[in-house]
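Open the model in your viewer and keep the sequence panel beside it. This tour goes from one selection to the next and says what is there.

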Amino acid sequence: MALMIPPVKLKWLEHLNSSWITEDSESIATRDGVSALYAKLLANKEAVLLPQQVLCLKGPQLPDFERESLSSDEQEHYLDALLGSQLALAKMVCSDSPFAAALRKRVLVLQRVFYALSNKYHDKGKVKQQQHSPESSAGAADPHAISDSLPPLSLANESKIPPMGLDCLAQVTTFLKGVTMPNSGADILGRRLASELLLGLASQRGSLRYLLEWIEMALAASAVVSAMEKNAAPHCQEGLMGYDCFMNILIQMRRSLGSTADRSQWREPSRTPDGLCSLYEAALCLFEEVCRMASDYSRTCVSPDSIQTGEAPVVSETCEVYVWGSNSSHQLVEGTQEKILQPKLAASFADAQTIEAGQYCTFVISSDGSVRACGKGSYGRLGLGDSNNQSTLKKLTFEPHRAIKKVSSSKGSDGHTLAFTTEGEVFSWGDGDYGKLGHGNSSTQKYPKLIQGPLQGKVGFNPPQPQLKNVLHYKQTKSRSRSEPPGGFWL
């Protein structure tokens, strides 16, 4: 007898989406592969088994046909009732066959993979928000525009595109490049649409290579048009593309980069009365945007010379922060307390300049020198004035007010933290056992407190390399000759 598959209750877990996206889709075609993936659903408790329902096959109460004479309508009714019961019985038997059980597992696995892909690449809410933004709704929609047909960078990760898909993209790109040239044989509308499709693909793939290839194509097509105009009458509709299509993609790039430049300084192509723009001007605008992207990126890079001279690196105003691991005390600010098994982009830390991970807690330093904290709050380790857990980032108060340059939090014991200001002062808070906070006592400190005494007015510096070796040797000697209290440190 075939193994009966009971009904299940589906409950997809958001933090497992990245794991399902990386699953080999070819394994779903085999029965063993489907069984393994279905077992993964059960193990993750994303498919909870429900009790098997008992099918009631109680047929109609038939009359005594030998003693009672029934009309043709009544006989038809009883016949339909019998056929309905037989059909329900046949469905039950077929649904419990090995093929039906494997098919049901395959459908559940496909549903899970589709949900993960749809949640990551086809978030309708984000696309709708971008479509209704003030910048993108400034002009009328272009029927040839394709920038909103796919989410941004949906083709960016080529490692997740099968070889057949990459080959198709390459062939489509080659074909479109050939069509865009004025001497390709295609009509004006076809050449215009090809240039727009090619730009859309370049933006979806999110690579500098494809953007530069489009710029090269646009300049080459413009050069051919210029040569044609010198030798014959001007072609008013040659070398053009949809203005709205180009601007939608350009604004999408600027929004994704978080560009803070004044919009009046942005170059934009001239718009014709027909809603078109020159390929040449569009190429110049796109190239200028690429240069701006490179300039923003260069400010986030630190050269070895600046590290050796002790100069503070210049960073951009926004950054991308990925989190993973335990979130038992909301130290990752991800809403739930589920473990995050793979790196996940965290929007809560987008404006962070420095991040310090402590014992079940996290500290973030912003560009203005302020400090925010989240996670476990026992022993006042967050510096927020209490011992409560904090599920979202909350700003600390420093008295006197100071801009913080560096934060260091203990990775063990009951949690304490030190903060180094731009003036060279040191604040501390958290568990004070063994005098580790430097305030002359062993009390718990729930607010950041300035360390007084010998450190008052001292400014930290980096000694030369030979002296640093002597200092390290001195610390090692002291540690061997005298036991260090738990959670303490040597100066």
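Start with the record. The unreviewed UniProt entry places the feature "repeat: RCC" at residues 319-368, 369-423 and 424-451. Keep in mind that the model is predicted. Select residues 424-451. This stretch is 0% helix and 39% strand. Its end C-alpha atoms lie 11 Å apart.

**The whole chain**

Now show everything as a cartoon. The protein chain has 12 helices and 14 strands. Of its 491 residues, 34% are buried. Switch on the surface. The accessible area is about 29,500 Å², and carbon and sulfur atoms account for 57% of it. Take the contacts between residues at least 6 apart in sequence: 56% of them join residues at least 24 apart.

**The β11-β12 hairpin**

Select residues 404-409 and 416-421. These are strands β11 and β12, which run antiparallel and are joined by 5 bridges. Pick V407 and look across to β12. Its bridge partner there is A419. In a regular strand, side chains alternate between the two faces of the sheet. Next, go to the turn. The two strands form a hairpin, with 6 residues between them. Stop at S413 in that turn, where phi is positive, about 55 degrees.

**From the hairpin loop to β7**

Stay here and add K411 and E356 as sticks. Which atoms of this salt bridge come closest, and how far apart are they? They are N and O atoms, 2.7 Å apart. The pair links distant parts of the chain, 55 residues apart. E356 sits in strand β7, residues 352-357, while K411 is in the loop between β11 and β12. Are the two partners buried or exposed? E356 is buried, at 12% relative accessible area. K411 counts as exposed, at 52% relative accessibility.

**Other salt bridges**

A search of the whole structure finds 8 salt bridges. Go to E23 and K40 for one of them. The closest N and O atoms of this pair are 2.6 Å apart. E23 lies in the loop between α1 (17-21) and α2 (31-43), and K40 is in helix α2, so the salt bridge ties together parts 17 residues apart in sequence. E23 is partly exposed, at 27% relative accessibility.

Move to R271 and D244. Their side chains meet in a salt bridge of 3.4 Å, N to O. R271 is in the loop between α9 (243-257) and β4 (276-278), whereas D244 belongs to helix α9, so this pair ties together parts 27 residues apart in sequence. Colour the two by accessibility. R271 is partly exposed at 41%. D244 is at 9% relative accessibility and counts as buried because the cut-off for buried is under 20%.

Then select K177, R209 and E213. Salt bridges that share partners join these residues into one network.

**A nonpolar patch**

For the last stop, select F99, L103 and V107 and show their surface. Together they make a nonpolar surface patch of about 290 Å². Which helix holds L103? L103 lies in α4, residues 98-121. Why does L103 count as partly exposed? Its relative accessibility is 39%, and partly exposed covers the range between the buried cut-off, under 20%, and the exposed one, over 50%.

Note on methods:
Residues are numbered from 1 along each chain as its sequence is written. This is a predicted model: local features need pLDDT of at least 70, side-chain atom pairs count only at pLDDT 80 or more; totals for chains, interfaces and linings use all residues. Side-chain values use heavy atoms; hydrogens and water are left out. Two strands pair if DSSP finds at least two bridges between them. Helices (H or I, at least four residues) and strands (E, at least two) are DSSP runs, numbered from the N terminus. UniProt positions are given in the numbering used here, feature names are shortened, and annotations may be inferred rather than shown by experiment. Buried means under 20% relative accessible area, exposed over 50%, partly exposed in between (1.4 Å probe, protein chains only). Contact means heavy atoms within 4.5 Å. Accessible areas come from the Shrake-Rupley method with a 1.4 Å probe; for residues, only the protein chains shown count as cover. Patches are made of residues with over 30% relative accessible area and no salt bridge: like charges are joined within 9 Å, nonpolar side chains (Val, Leu, Ile, Met, Phe, Trp, Tyr) within 5 Å. A salt bridge is a side-chain nitrogen of Lys or Arg within 4 Å of a carboxyl oxygen of Asp or Glu.
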